[in-house]
Amino acid sequence: MRFAVIGHPIAHSLSPELHTAWLEAAGLFGCYDLIDVTEQQLPQIITKLRIHQLDGINVTIPHKTAIIPYLDRLEPAAQKAGAVNTVYRQDGQLIGANTDGIGFVRALTERRPSFQKTLVLGAGGAARGIIAALPGDVTITNRTEERSKAVADEFGANVLPWQETFDLTSYDVIINTTSVGMAPHIEARPIELTETHALICDIIYRPTPTRLLREATEKGLDTLDGVPMFVLQAAEAFERFTGQAPDLALGEQVIRKQLEEF
């Protein structure tokens, strides 16, 4: 079996370490690679899947929506989100799944079982997957307001125009789905944390904690970093690839150990 994660750029991904550990623990013979792919190269990856040179892929920035036209069908969550982060083969067809939302909401509800109002920073592929799975009242803010409005209209969410500072007092959960703060630009932050009681979440896992989460901790706020979501969404993908549920504790251990080295 051969699996991979595709994106551009892709060198930052820790997916190979995670999936390799799970394959070994499950006693499965296989490998999991990083493949840097531009949008123009997507047809080549699809060909590799169809001729069994690849058995499944994870999809990251910037291909989560661009890959959809190449697939035979989408799972309901991917259809709703309009974004795909996992492609697997079933009955000769290429199926697109979106496990971002499932993974994130599982991690979120373990940390905060009950919440009403959520502010989502960003309106890209990761945001779409998460917004599609979120319960309650959701507000979206993005530097490109037209994109916020388009996503909000699609999901029945609210739009908050992008500003230098926001009134954050009414939100129970604030989620950064943008790449702001990701290595190598680790001192960047998407917003200034004004007065709030919210759980501050950042789906970035490299570095962890991000500057946003460090500042939240300094203010005494509860935080959720990107590792639990990363492991849980990857576990959903692994099960689709192999038909086996992976060891979640092993997965988090592998990722936290890798992050300690950066």
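Where is Thr196 found? Select Thr196: the residue lies in the loop between β10 (173-176) and β11 (199-202). Helices (H or I, at least four residues) and strands (E, at least two) are DSSP runs, numbered from the N terminus.

Before going further, note that this is a predicted model, in which local features need pLDDT of at least 70, side-chain atom pairs count only at pLDDT 80 or more, and totals for chains, interfaces and linings use all residues. Residues are numbered from 1 along each chain as its sequence is written, and side-chain values use heavy atoms, with hydrogens and water left out.

**Thr196**

Thr196 counts as buried because its relative accessibility is 14% (buried is under 20% relative accessible area, exposed over 50%, partly exposed in between; 1.4 Å probe, protein chains only). Show its side chain, which reaches the backbone nitrogen of Ala198 at 3.0 Å. Then display Leu168, Tyr171, Ile174 and Leu221, which Thr196 touches when residues up to four places away in sequence are not counted; contact means heavy atoms within 4.5 Å.

**Leu121**

Next, select Leu121 in strand β7 (residues 117-121). Leu121 is buried, at a relative accessible area of 0%. Apart from neighbours within four places in sequence, its contacts include Thr141, Ile174, Pro190 and Ile191. To see a longer span, add Phe155: the C-alpha atoms of Leu121 and Phe155 are 15 Å apart, with the two positions 34 residues apart in sequence.

**Helix α1 against α9**

Two packed helices are described by the angle between their axes and the distance between the axes. Select α1 (residues 15-25) and α9 (residues 248-260), whose axes come within 9 Å and cross at roughly 140°. Axes are lines fitted to C-alpha atoms, for helices over the stretch in contact, and angles run from 0 to 180 degrees between N-to-C directions. The angle makes α1 oblique to α9 (under 35 degrees is roughly parallel, over 145 roughly antiparallel, 65 to 115 roughly perpendicular, the rest oblique). On the α1 side, colour Glu17, Leu18, Ala21, Trp22 and Ala25; on the α9 side, Leu250, Gly251, Val254, Ile255 and Gln258.

**Helix α1 against α8**

Keep α1 and add α8 (residues 226-242): the two pack at about 50°, with axes 11 Å apart. α1 and α8 are therefore oblique to each other. Which residues of α1 make the contact? They are Ser15, Leu18, His19, Trp22 and Leu23, set against Phe230, Val231, Ala234, Ala235, Phe238, Phe241 and Thr242 of α8.

Definitions and conventions. A polar contact is a pair of N or O atoms within 3.5 Å; within protein, one must be able to donate a hydrogen and the other to accept it, and residues adjacent in sequence count only if both atoms are side-chain atoms.
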